[in-house]
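Let's take a friendly walk through this structure, starting at one side chain and working inward from there.

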Amino acid sequence: MKDMNIPYIAGLVIRAQHSDSDAFAELYALTYNKVYNYTRHYLRDDFLAQDAMQEVYILALKNIGKLNDPTVFIAWLNRICFHVCYDMTQKNRPQNDCQVLSQEILDIVQDPHLDTNPELHYQQKDEYSRLAEALEQLPFNEKQVLIMRYYNDMKLEEIAAAMEISRSSVKRYIASGQEHLKESMKG
């Protein structure tokens, strides 16, 4: 999407907001490949990726009228795509698996000099809850990269390809996201 003509897309969005189905069809045609590649990388399943694509475009069509700034359509669509994929992975993941992966992130962000590791089951649940809350508060790209890396076990190259950013940007988002999580988890 790096070479997308933003004014042209914004014009299509405005037309789509006024019930022009041809304009929405063109938006779909312009973004289909990127959305599919993202969902395929994120979900690692062709069938789930196709289901996610359908959900993304249904949500986009239903909510396009709420988009105040048509020039941010691509970012808005990316956000919908991320949330659809994230929700699908949460529905399909056993609860224990999520806790194991959360523990991996907790091990990274916890201060080794403080006795913050929960020893009792209810304390551990509180830590997971705090981690989930802290993760939600992160800037969008940091949250997205950490979820892909630690919850979906994606490689740096896969994340870079899915988000259409460089590998070094992925590393930078991981590092800054971990730092932000460390700060949030201290309190």
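E157 is partly exposed, with a relative accessible area of 44%. Keep in mind as you look that this is a predicted model. You will find E157 in helix α8, and its side chain makes a polar contact with the side chain of R167, at 2.6 Å. These two residues are 10 residues apart along the chain, and their C-alpha atoms are separated by 6.1 Å.

Now turn to the interior. Which residues touch the most other members of the largest nonpolar core? They are L27, Y38, Y42, I64, F73 and M148, out of 51 residues in that core. At least two residues of this core come from each of α1 (6–17), α2 (21–43), α3 (46–63), α4 (73–92), α6 (121–137), α7 (140–151), α8 (156–163) and α9 (167–186). The biggest share is from α4, which gives 11 residues. To see one part of the packing, try selecting L27: leaving aside residues up to four places away in sequence, L27 touches I9, L12, V13, A16, I64 and F73.

Finally, what about the cysteines? A search of the whole structure finds zero disulfides. C81 is in no disulfide, and the nearest cysteine sulfur to its own belongs to C85, 4.5 Å away. Likewise, C85 is in no disulfide, with the sulfur of C81 as its nearest cysteine sulfur. The pair does not count as a disulfide because the sulfur atoms would have to be within 2.5 Å. Are these cysteines buried or exposed? C81 is buried, with a relative accessible area of 2%, and C85 is buried too, at 0%.

How values were computed. Residues are numbered from 1 along each chain as its sequence is written. This is a predicted model: local features need pLDDT of at least 70, side-chain atom pairs count only at pLDDT 80 or more; totals for chains, interfaces and linings use all residues. Side-chain values use heavy atoms; hydrogens and water are left out. A nonpolar core is a set of buried Ala, Val, Leu, Ile, Met, Phe, Trp, Tyr and Cys residues joined through side-chain atoms within 4.5 Å. Buried means under 20% relative accessible area, exposed over 50%, partly exposed in between (1.4 Å probe, protein chains only). Helices (H or I, at least four residues) and strands (E, at least two) are DSSP runs, numbered from the N terminus. Contact means heavy atoms within 4.5 Å. A polar contact is a pair of N or O atoms within 3.5 Å; within protein, one must be able to donate a hydrogen and the other to accept it, and residues adjacent in sequence count only if both atoms are side-chain atoms.
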